[in-house]
Amino acid sequence: MPAELACFRKSCRARFPVTDVLYSCPRCDSLLEARYDWGPLDPSELKETWRRRRLDNSPLNQSGVWRYRELIPFLDDYAHVVTLREGNTPLLESARAAEYGGLRRLSFKHQGFNPTGSFKDNGMTCGTAQALRLGMRRVACVSTGNTSASMTAYAAAAGLQPIIFIPHGNISYGKLAQALEYGALTLQVEANFDQILALVRSLAERLGIYLLNSINPFRIEGQKSIVVELLDQRDWRVPDWIVLPGGNLGNVSAFGKALRELHELGFVDRLPRLAVIQAEGAAPFYRFMRKPREGAFVAEPKPETLATAIRIGDPVSWPKAWHEVETTNGVVEAVSEEEIADAKAQIGLAGIGCEPASAATLAGIRKLVAAGVIEPEADVVAVLTGNLLKDPDYVYRYHTGQLKTASGGAVRGRYENRPVVVPNDPDRIAELLAAPRG
Ligand code: F0G
């Protein structure tokens, strides 16, 4: 199955060997994507093969990414694959969350069940395989936290040296702890994500370090499997909407590419609509998509949100994301800090839980249903991108009324749940438990 790298820009479309170390088009500097000459593929046969592989104990088939390898055929030798059994994440229905969002039913594709607790693992197993195939020794990324945790774990498992660049003071301890524990050389830079990405791009080239941010097209190939697995779990019933948070916009690019390819190859007969949700303080894509034809993409110079995973003002993948949102007749919405925080508490009360950025999905759904964009009867899947335990500090502050924005404004949560200090006294505790709970 021949694979190539192709420039994403329509007017260029230059092609390069899949083994070139490239992150953007050498001719026009646009984004690159993997392209395949698919040859004959039989969708119904493959759907059955993928089902059968779930029962097989080989590492490749136990991976929720490589199980679908016919759709990501960029390797010529699977000996390069390092898998932590990524993917295999559940699709969880919640009546409670559906009601909060204004829907009759809602399910969550929970990527927080991944080995390092976020959707990045789906992409990282592919990025790491490509690094090994290219003979690279060191890998690097800039990250708001999850990418660095994931890259470090996969690099460690693969015997590569991980170097991570993170915005000083702006990533959650859960994520930083993971990177330290998996052994990353950790550089805390006094700059924001967007500034550090420019820095890391130039350093990677200069020092021959393989870059594993989502501009790396092989990361995107891996993240396609989130959509494939989701459809497999639904017996290939296409939902009306897939809702996901948007930061650097790699994930929406991956989802759109997966959907286009599945449609083109005959796995599905229609496309769901993509809804991308950003935090109000870091919403350049939302603003651009309100009037996409009127001008250039304007970056947000000072992105701010307590959902630090999506605190990004200059998302590199916006041209791809634009294309994918348009192709699926999708929408982009922005939500406030309060809306994210309360939606997150609701996802917690459903027994599911997630990190702040992931909860932007339910907040966005609530807003889009209220605005009449999403029908209450619609069949909706929201993608929870990260685990609840990624950011325990946020959770504690929310439930104890101490959550504050960067500018010091209080985020008033509606679903606070304060711990109660009690004396070591059974009578007093019995008294307390007899009282009705607020
Ligand atoms: N949700 C979570 C939990 C994330 O960590 C990210 C991105 C996103 C959503 C947004 O995805 O960038 O593909 O639009 N985190 C990156 C990181 C930027 O460095 O971990 P996106």
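How many cavities of 30 Å³ or more does a search of the whole structure find? In this predicted model, the search returns three such cavities. The two described below are the largest and the second largest.

The largest cavity has a volume of about 320 Å³. Its lining comprises 27 residues, of which F119, K120, G247, N248 and A309 are the closest to the cavity centre. Two or more lining residues are contributed by each of three helices, namely α5 (146-158), α8 (217-233) and α9 (250-264). The largest share comes from α9, which gives three residues to this lining. By residue class, the lining of the largest cavity consists of 14 polar, 10 nonpolar and three charged residues.

The second largest cavity has a volume of about 50 Å³. The residues that line this second cavity are F8, E33, A34, P217, I220, E221, S253, K257, R260, K320 and E324. At least two of the lining residues are supplied by each of β3 (32-36), α8, α9 and α11 (318-327). The class composition of this lining is six charged, four nonpolar and one polar residue.

Helices α8 and α9 recur in the description of both linings: each gives two or more residues to the lining of the largest cavity, and each supplies at least two residues to that of the second largest. With regard to charge, three residues of the lining are charged in the largest cavity, whereas six are charged in the second largest.

Terms used:
Residues numbered from 1 in each chain as written. Predicted model: local features only at pLDDT ≥ 70, side-chain atom pairs only at ≥ 80, totals over all residues. Heavy atoms only, no water. 1 Å grid on protein atoms, 1.4 Å probe; cavity = no way out; pocket = protein on both sides within 12 Å on 5 of 7 lines; lining within 4 Å. Points joined across faces, edges and corners; volume = space filled by probe spheres on them. Helix = DSSP H or I, 4+ residues; strand = E, 2+ residues; numbered from the N terminus. Nonpolar A, V, L, I, M, F, W, Y, C, P; charged D, E, K, R; others polar.
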